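Look over the sequence and the model before reading on. The paragraphs below go from one helix to two single residues, and then to the whole chain.

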Amino acid sequence: PEAFIKNLESYLSEYRMINDYIEMKSGRIINLQFEVDIFVDKNYNTSDVVTNVIKAIEQYMKINNHEMGDDIFVGDIEKEVSKVVGVLNLIEMRVYNIFDKAQGYSPTKTMQQILTPYMCANNGEEADNAEMEGNRQRIDLKASNKMLYSENDTMLEIKYPNKDIICRVKTR
């Protein structure tokens, strides 16, 4: 990145006025993981429906569809999941910030309010071991009005869609 910045500075220096200046800084990535619970129509192949739900979330979250600093409306993702053929109902969606550098994730933590394992347990939800290991934090979607907030220098990303989009199914 340093060589790129120097090359860019050199290129732009030919076009600037004496009192012009440009400040450049690197962006930060916030890696996300989605857990989705859905009801699937028994007349559809569950595996196909899960694959299509994962694709819908992956497609919506592609970094080419958003700009740095864009907030994400979780309701829009929920609409995309609900449109998948075979999905009867979206039961719940949980979003986590993963920051496990050893696994290839960005170390950047979200500035949003998170749910601690204690809070999850008191809400009648299970606090899983991964939260307690400290490599991910559950984002409190209720406190953020179902928004994933981004700062002007951050990009929200699903690093490994096949691993970071988890779909649990109930059939009806």
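The expected span of a helix is 1.5 Å times one less than its number of residues. This structure is a predicted model, and the rule can be tried on its helix α2, which covers residues 46-61. Helix α2 has 16 residues, and the distance from its first C-alpha to its last is 23 Å, close to the expected 22 Å.

At the start of α2, Asn45 places a side-chain oxygen within 2.8 Å of the backbone nitrogen of Ser47.

Which residues of α2 are buried? Here a cut-off is needed: a residue is buried if its relative accessible area is under 20%. The buried residues of α2 are Val49, Val50, Val53, Ile54, Ala56, Ile57, Tyr60 and Met61. Seen down the helix axis, these buried residues of α2 fall within an arc of 155 degrees, so they line one face of the helix. The spacing has a general background: an α-helix has 3.6 residues a turn, so residues three or four places apart point the same way.

Two of the residues just named, Tyr60 and Met61, are touched by Ile72. Ile72 lies in strand β2, which spans residues 72-73. In sequence Ile72 and Tyr60 are 12 residues apart, while in space 9.7 Å separates their C-alpha atoms. Not counting residues up to four places away in sequence, Ile72 also touches His66, Ile77, Lys146, Met147, Leu148 and Leu156. Is Ile72 buried or exposed? Ile72 counts as buried because its relative accessibility is 1%, and the cut-off is under 20%.

Asn31 is a second residue to find in the model. Asn31 sits in strand β1, which runs over residues 28-40. With a relative accessibility of 1%, Asn31 counts as buried. Leaving aside neighbours within four places in sequence, the contacts of Asn31 are with Tyr96, Asn97, Ile98, Tyr105, Ser106, Glu157 and Lys159.

Now take the protein as a whole. How many helices and strands are there in the protein? There are six helices and eight strands, and along the sequence they follow the pattern α-β-α-β-α-β-β-α-α-β-β-β-α-β. Among contacts in the protein with a separation of 6 or more, 76% are between residues 24 or more positions apart. The protein has 172 residues, of which 38% count as buried. Its accessible surface comes to about 11,000 Å², and carbon and sulfur atoms account for 49% of that surface.

Methods. Residues numbered from 1 in each chain as written. Predicted model: local features only at pLDDT ≥ 70, side-chain atom pairs only at ≥ 80, totals over all residues. Heavy atoms only, no water. Helix = DSSP H or I, 4+ residues; strand = E, 2+ residues; numbered from the N terminus. Buried < 20%, exposed > 50% of the residue type's maximum accessible area, 1.4 Å probe, protein only. Arc of directions from axis to C-beta. Polar contact = N/O pair within 3.5 Å; in protein donor to acceptor, adjacent residues only side chain to side chain. Contact = heavy atoms within 4.5 Å. Areas by Shrake-Rupley, 256 points an atom, 1.4 Å probe, with all protein chains shown as cover.
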